[in-house]
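Visitor: Hey, I've got a structure open here and no clue where to start. Can we go through it together?
Guide: Sure, bring it up and ask away.

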Amino acid sequence: MSFYFDNNASTPVGPEALQAMERALAEVYGNPSSIHAQGQRARRIVETAREQVAALLGCPPKTIVFTSGGTESDNLAILGAPPGHVVSTAIEHPAVLEALRVRGNYTLVQPGPNGAVEPGAILAAIRPGETVMVSIMHANNETGVVQELPELPPGILLHSDGVQAAGKIPVRLSELPVDLYSLTGHKFAGPKGAGVLYVREGVELHPRQFGGRHERGLRAGTENVPAIAGIGAAAEWLTQNLSAESARVAALRGRLEAAILARIPGTSVNGAGAPRTPNTTNIQFAGLEGEALLISLDLAGFAVSSGAACSSGAVTPSHVLTAMGLSKEQAKSSLRFSLGRTNNESDVDALVDAVERAVARLRNLSPFHAVPSS
Amino acid sequence: MPFHRPEPGSLIAVAMSGGVDSSTVAALLHREGYPLVGMTMQLWNQRRLPQLVPEGPTGRCCSLDDVYDARAVASRLGIPYYVVNFEERFEREVVKPFIGEYLSGRTPIPCTLCNNHVKFDDFIEMADGVGAAFIATGHYARLGFDGTTGLWQMRKGADPAKDQTYFLWGLKQHQLARTLFPLGHLTKPEVRALAASLNVPTASKDDSQEICFVPNGDYAAFIDAYFAEQGLPRPETRGEIVSTSGKVLGEHGGVHNFTVGQRKGLGIAAREPLYVIATEPAAQRVVVGSNDDLLRAFLAARGVNWVSIHPITEPRRAQVKIRNKHAAAPATLFPTGTQDSVEVRFDEPQRAVTPGQAAVFYDGDLVLGGGWIE
């Protein structure tokens, strides 16, 4: 048996995306830029997907730029913006942090202990006349904490990495103060290789990839038509089902947290008390090595995650959790469980049993890892 | 017996370095039908101290190439595989003591520290944590059980050129009871042939030679770079070079650049070849003399571990090895009244008895025990 609780890393492709992709791969081989009928069929797939994504996000279709994924979208937003100072947060994904490092001249704002970044702290970090952009992730990948996106002084662009928000919480871009917004299909039952950067009308961005005039000149290269068909179909499914599905997943998450906190001593939820995406919980198991717990669970057939994987695949303590004030040891003793469409109540119950068994074994082994009295 | 025969179905954690030996262990145990979990211990980040390796961090222990190879072997065998992060423990238990020993004028053996404190301590703990009954490594040593004493015993590997017991004398009974050395009864050519017959992808890979975290075996450069990285001034250990009679012959740039028995790099013209006889860190002096001055018939060992026998209570004949490439020399072991120290009197004086190296005691191919040379 295998149970998948790592939907923030990637999700199984949903049936509607799979069907759309199969059709696009098998039947539509033209280049969307070609003039003939086959080209026009491919173009129609791309434009239909653009409308489907725009409907999910509540924005005009022409503001949707297709990319290869979240990293490319974040890179394009950060590196394509005009020169000047950038304000961002310490809990961003490496796709943002590393792009900022390439840019230089940026300030990172720390979150509070619950993982939320104070809008006031963002505004205070802005240097009038110097700051050209603010980049705040909409929902955090590790804790699920949803950040408030503040109104900025005029003339400053707001980018938000929405990779972990889109498809999990309602996102109406026309009602949010954002100018640029990144997302990727494989986090919401779409395929890998299809991402989106929303670019508000009137925002000037410089491309990072050069060639043909695809995607309003922002992203040269023949469109990945099958993947775009997939992300479009996944977005359309969510437009119709998001509120029911997120309520269902929220109930599962509640069941999971309640059972673990009740049955396993020394557990607490990182980011509790802040608004969170309904599918994510990050739980600290006081005194335990998260790495051993993760491997134990995997050997028992349960996929979860811990911290960040470095290039070798070894786990390093999460920079998000340490930014929230957790010690390295506390960060290493934390696991992330992220739920999705394929999970149900009996999966969650099986997971809780497996976690309880693995934790009991690990705690029995190590007298040094006794549960601290609280 | 060639090695323990775990009960069928016992989960075995295989320490996989990416080299041919540990890869063959995995393939061999897999052929025997045991459920396996492969693990690579990430010990040192090869991207640290980049000034030491201008050509970049490739081809050495813990490099991404090794992880790639280990992962490929695990994937071919279809066994679960993980990279486990032991970097903090390695730095604490191996690198820092190594530097401390070196600066105190001793010549430490990091591989023994690593075996004692990381590979057979933390790795067994990790194996326990994931529910593995045994660990297996590619070391060349043989294990068996002696019914009369009720003790596990370690013997030299069958291949005299590859025997690794000099580095394994720190293993405790409870560790031996959980450890498998499936290659101990084989020679290296036999292992290579076996690897080829088992289609191990790394069958023709070169052996690793140097100390994994010290590029090119240049300890002094490593220590300089480490202190620079930590933002610490390097301890000043410049001083005089003196003869055995105390006559000042010259100056040196730091006692840690010298090791007992060293001939090159003294920078002193003399009629007869001069060797380092001793380093005196307190006085920051290096004592030099003739080859004959290097001979010692006696040594004291501390931190003694009795591997295969109960602690001695009366003098015992043995063969004692004082360097990895030293031919074990006949000697008598004298108990001192405390179990963790022993005095060794050689039948014939031995050249370059070096403080900080290990003295390992054998009775034929049986490893009696070992300790650190005072």
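Visitor: Okay, which residues of α1(B) are buried?
Guide: This is a predicted model, by the way. In α1(B), the buried ones are Val20(B), Asp21(B), Ser22(B), Ser23(B), Thr24(B), Val25(B), Ala26(B), Ala27(B), Leu28(B), Leu29(B) and His30(B).

Visitor: So how enclosed is α1(B) by the rest of the structure?
Guide: Largely enclosed, because eleven of its twelve residues are buried.

Visitor: And what covers the buried residues of α1(B)?
Guide: The cover includes two helices, α2 (64-77) and α6 (188-197) of chain B, along with the strands β1 (12-15), β2 (36-42) and β4 (134-136) of chain B.

Visitor: What does α1(B) reach from its first C-alpha to its last?
Guide: Helix α1 of chain B covers residues 20-31 and reaches 16 Å, close to the 16 Å expected at 1.5 Å a residue.

Visitor: What about Gly33(B), is its phi positive or negative?
Guide: Positive, near 95°, and Gly33(B) follows α1(B).

Visitor: Switching topic: how many residues of chain B are in contact with chain A?
Guide: Chain B has 15 residues in contact with 17 residues of chain A. On the chain B side, the elements giving two or more residues are β2, α2, β3 (81-85) and α4 (110-129) of chain B.

Visitor: Hm, β2 and α2 again! What classes of residue are on that side of chain B?
Guide: The side of chain B that touches chain A has nine nonpolar, four polar and two charged residues. And yes, β2 and α2 of chain B are also among the elements covering the buried residues of α1(B).

Visitor: Now chain A. Which domains does the assignment give?
Guide: Domain 1 takes in 3-8 + 242-361, and domain 2 is 15-239. Their centres, taken over C-alpha atoms, are 27 Å apart.

Visitor: How many residues of domain 1 of chain A are in contact with domain 2?
Guide: In chain A, 22 residues of domain 1 are in contact with 25 residues of domain 2. On the domain 1 side, α6 (225-263), β10 (280-285) and α8 (319-323) of chain A each give two or more residues. α8(A) gives the most, with three.

Visitor: And that side by class?
Guide: Eight nonpolar, eleven polar and three charged residues for domain 1 of chain A where it touches domain 2.

Visitor: Last thing: where in chain A does pLDDT stay under 50?
Guide: Over residues 367-374 of chain A, for which the model has twelve contacts beyond four places in sequence. Chain A averages a pLDDT of 94, with 97% of the residues scoring at least 70.

Technical notes
Residues are numbered from 1 along each chain as its sequence is written. Chains are lettered from A and ligands numbered from 1 in the order in which they are written. This is a predicted model: local features need pLDDT of at least 70, side-chain atom pairs count only at pLDDT 80 or more; totals for chains, interfaces and linings use all residues. Domain bounds come from an automatic or database domain assignment. Two residues are in contact if their C-beta atoms, placed from the backbone, lie within 7 Å. Helices (H or I, at least four residues) and strands (E, at least two) are DSSP runs, numbered from the N terminus. Ala, Val, Leu, Ile, Met, Phe, Trp, Tyr, Cys and Pro count as nonpolar, Asp, Glu, Lys and Arg as charged, and the others, Gly among them, as polar. pLDDT is the predictor's confidence in each residue, from 0 to 100. The expected span of a helix is 1.5 Å times one less than its number of residues. A residue is buried if 20 or more other C-beta atoms lie within 10 Å of its own, exposed if 12 or fewer, and partly exposed in between; C-beta atoms are placed from the backbone.
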